[in-house]
Amino acid sequence: MRVCSELNDTHGPTAEEKTSVPNVSRVVASQKTRKHMKLYCLSGHPTLPCNVLKFKSTTIMLDCGLDTTAALYFLPLPLVHSPRLSKLPGWVSKDGAVNLEKELKECSGRVFVDSQPEFCLPEKELLDLSTIDVILISNYHCMMALPYITEHTGFTGTVYATEPTLQIGRLLMEELVTFMERVPKAQAATCWKNKEIQRLLPGPLKDAVDVWSWRKCYSVQEVNSALSKVQLVGYSQKELFGAVQVTPLSSGYSLGSSNWIIQSHYEKVSYVSGSSLLTTHPQPMEQSSLKNSDVLILTGLTQIPTANPDGMLGEFCSNLAMTIRAGGNVLVPCYSSGVIYDLLECLYQFMDSANLGSTPFYFISPVANSSLEFSQIFAEWLCQNKQSKVYLPEPPFPHAELIQTNKLKHYPSIHGDFSSEFRQPCVVFTGHPSLRFGDVVHFMELWGKSSLNTIIFTEPDFSYLDALAPYQPLAMKCVYCPIDTRLNFHQVSKLLKDIQPLHVVCPEPYTQPPPAQPHRSDLMLELQPPPMAYRRCSVLGLPFRRRYERIHLLPELARSLVPSEIKAGVSVATVSAVLQSKDNKHVLQPVPKPAPVPPSKKRKRVTEEPPEVLNPKPLLSGAVPLEPFLAMLHKNGITEVKVEETADGHILHLQTEDVLIQLEEDATHIICDNNEPLRTALRDLVLRFLQKL
């Protein structure tokens, strides 16, 4: 039996000198154990979040994004020997005091680390990560740090993700491992990380943050072990652990991408990360389920709020066509899943109309084949338009036709078949967007010296100027067409107005205009109440308290209750019971009767005594109306009464008797010094207006 009755306007006096009348709590209320919900922020990157929510004795990690922008501080890893990179001079401080020629190289006025690129991990020292019960993954870009968390922290919990998120996340992790392992670096650079040395280095290296926490890439064994802990979920599929229920909703951003609802019986938290309202290939964003949230945690907005994705696609196509017509090649550094599907679809429609139908496209990645296949088989995760094609049957994406007609060819690397089938001019899609590892490094070295060629940046994760820095001086043309379909500030403001969460929590950069455009107040969140902002390593107490818990009564205890009606439709009953709490579930059980103790002269071992059962004190309910109470006092000879209105009710000053009576919504206080008969008489007058339970 579930007890969930409410009792309002309930108060009554006690027989103390200062008489206080407490509110009768709900049967389900747990007023003494109110707890703040806490949010631990382990990542400073707004679009690569990693937060931990402590909620109802459960510890939930929200995403584990890997900040790969740290790779920009390192030299590229060439697939074939690069005379240019190998001849770069080592770095020595101007006064000659610091010599790091073996670790640091100079290129076009900047200094780079000459070792295998490293990545900035989520913060590991803010809380004990072995206590995490569950990790919720919103999309495949936000799970790249998973092996660092699950394999090196004592993690024993479960990871929840949709099937496309798991499978494409696996591809991206395996691709990253392959990029690193096929170009091993003999030496590891560590001396430059010394704080005393780092502050002497030229910028931007001297300004790099938390360099000692940077780590090299994980192994394929660690990837497999981490992903074995993933439990697959479908949209709107509810998962329970303890008293907390989690539900993934389509976020509209990528195949299988999710927002999450985390709720108990009385609280609801929404986690919105990497969402899109644009009509692209994934299922559209589910918005209505986000309504009535106590707290909404918002991350993963667009990184380029001033760039329109459709406009960027148009620029991409026109710059590509211009280069091909001039006899040049086009290099597109990209991830092996995501925007590349939309780029190929756009080019499929564009190339024939531009009379460039004979231009070959090459997609080069260790996981190219799997990525193209996955996009065709996850039909139920696609938008309705693409789902309907599957049943015609037609492939949902046009790249299947491009492959059949030999216009699109895919290869695991530049070695093998590609080198014999490669012809120019062409368009090459390959990774990594940072230009620090992967096959893209080879094409930068190959095509960078000719102004006929163009590199087009479509991924917004990296500064294209920083990405190009170790290749300078560069002759090839550079075009920046970042395509980010995630929510912009205008869209998210409209969304929040529709779903109306009580409180919004977001990364600090969202609460102020971009540093380069301080006048653009439209490029920030302006909400009432203002959003709570977080940064890396901050701990927020979220602004609502747990007020109620659901408690179950065992049937035999429920049968013993004798409810009393205190007003129409509201009844209460007193209960004496033992409260058992386990896994966030609470049960009221009858108090066990003490076993009779047989008479014995022998001394027995002390055992745990059952709890003593006390007869419950009578409870009082009702309200003390001001005017009738004043009339009652007058009738009993108390005529000089000064009434003062307060925020909580009224204060009555009995001037002749020098007594204060506080009438409040949930309590009545009688303050009377050294006059017990008067205090008792006043208490009895109050009791005439109240009902005894």
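Where is Pro529 found? Select it: Pro529 sits in the loop between β23 and β24. Keep in mind throughout that this is a predicted model.

**Stop 1: the cis prolines**

Stay on Pro529. A cis peptide bond joins Gln528 to Pro529, with omega at about -5 degrees. Now jump to Pro204, in the loop between α4 and α5. Here too a cis peptide bond is found, joining Gly203 and Pro204, with omega about 0 degrees.

**Stop 2: strand β23 and its partners**

Select residues 503-507, which make up strand β23. Four of the five residues are buried, leaving β23 mostly covered. Add strand β16, residues 295-299: three bridges join β16 to β23, and the two run parallel. To see one bridge, pick Leu296 and its partner in β23, Val504.

Next, show strand β24, residues 532-534. β24 pairs with β23 through three bridges, in the parallel sense. Val505 has Met532 as its bridge partner in β24.

**Stop 3: the six-stranded sheet**

Colour strands β17 to β22. They form an open sheet of six strands, paired in parallel, in the order β19-β18-β20-β17-β21-β22. Look at the two edges: β19 (408-411) and β22 (477-480) each have a single partner strand, so one side of each has no neighbour in the sheet. From one strand to the next, the twist averages 20 degrees.

Zoom in on β17 (residues 330-333) and β21 (residues 454-457). Two bridges pair them in the parallel sense. Val330 has Thr454 as its bridge partner in β21.

Then select helix α8, residues 368-377. The helix lies across β18 (361-364) and β19. Against β19, α8 runs at about 125 degrees.

**Stop 4: helix α6**

Select residues 309-325, helix α6. How far apart are its end C-alpha atoms? They are 24 Å apart, which agrees with the 24 Å that its 17 residues should span at 1.5 Å a residue.

Look at the N-terminal end. Asn308 caps α6 there, with a side-chain oxygen 2.8 Å from the backbone nitrogen of Asp310. Past the other end, Gly327 comes just after α6 and takes a positive phi of about 85 degrees.

Show the side chains of α6. Its buried residues include Met312, Leu313, Phe316, Leu320 and Ile324. The buried residues of α6 pack against β17, α7 (339-353), β20 (427-430), β21 and β22.

Now pick Pro309, which is in helix α6. Is Pro309 buried or exposed? Its relative accessible area is 15%, under the 20% cut-off, so Pro309 counts as buried. Leaving out residues up to four places away in sequence, Pro309 touches Leu278, Ile483, Asp484 and Thr485. Pro309 and Cys481 are 172 residues apart in sequence, yet 8.7 Å apart in space, C-alpha to C-alpha.

**Stop 5: aromatic rings**

The whole structure holds 20 aromatic pairs. Select Phe74 and Trp214. Their ring centres are 6.2 Å apart and their planes stand at 45 degrees, so the pair is tilted. This pair links distant parts of the chain, 140 residues apart. Phe74 is in the loop between β5 (58-62) and α1 (83-86), and Trp214 is in the loop between α4 (195-198) and α5 (220-227). Phe74 is buried at 1% relative accessibility, and Trp214 is buried at 4%.

Move to Tyr235 and Trp381. This aromatic pair is edge-to-face, with 4.9 Å centre to centre and 75 degrees between the planes. Again distant parts of the chain are linked, 146 residues apart. Tyr235 is in the loop between β11 (230-232) and β12 (239-241), while Trp381 is in the loop between α8 and α9 (384-390). Trp381 is buried, with a relative accessible area of 7%.

Finish this stop with a group. Tyr362, Tyr411, Phe418, Phe422, Phe443 and Trp447 form one aromatic cluster.

**Stop 6: two residues with positive phi**

Select Asp63, in the loop between β5 and α1. Asp63 is not a glycine, but its phi is positive, near 70 degrees. Its relative accessible area is 0%, and Asp63 is buried.

End at Cys537, in the loop between β24 and β25 (539-545). Cys537 is not a glycine either, and has a positive phi of about 75 degrees. At 36% relative accessibility, Cys537 is partly exposed.

Key. Residues are numbered from 1 along each chain as its sequence is written. This is a predicted model: local features need pLDDT of at least 70, side-chain atom pairs count only at pLDDT 80 or more; totals for chains, interfaces and linings use all residues. Side-chain values use heavy atoms; hydrogens and water are left out. Two strands pair if DSSP finds at least two bridges between them. Axes are lines fitted to C-alpha atoms, for helices over the stretch in contact, and angles run from 0 to 180 degrees between N-to-C directions. Contact means heavy atoms within 4.5 Å. Rings of Phe, Tyr and Trp (its six-membered ring) pair if their centres lie within 6.5 Å; planes under 30 degrees apart count as stacked, over 60 as edge-to-face and the rest as tilted. Buried means under 20% relative accessible area, exposed over 50%, partly exposed in between (1.4 Å probe, protein chains only). The expected span of a helix is 1.5 Å times one less than its number of residues. A polar contact is a pair of N or O atoms within 3.5 Å; within protein, one must be able to donate a hydrogen and the other to accept it, and residues adjacent in sequence count only if both atoms are side-chain atoms.
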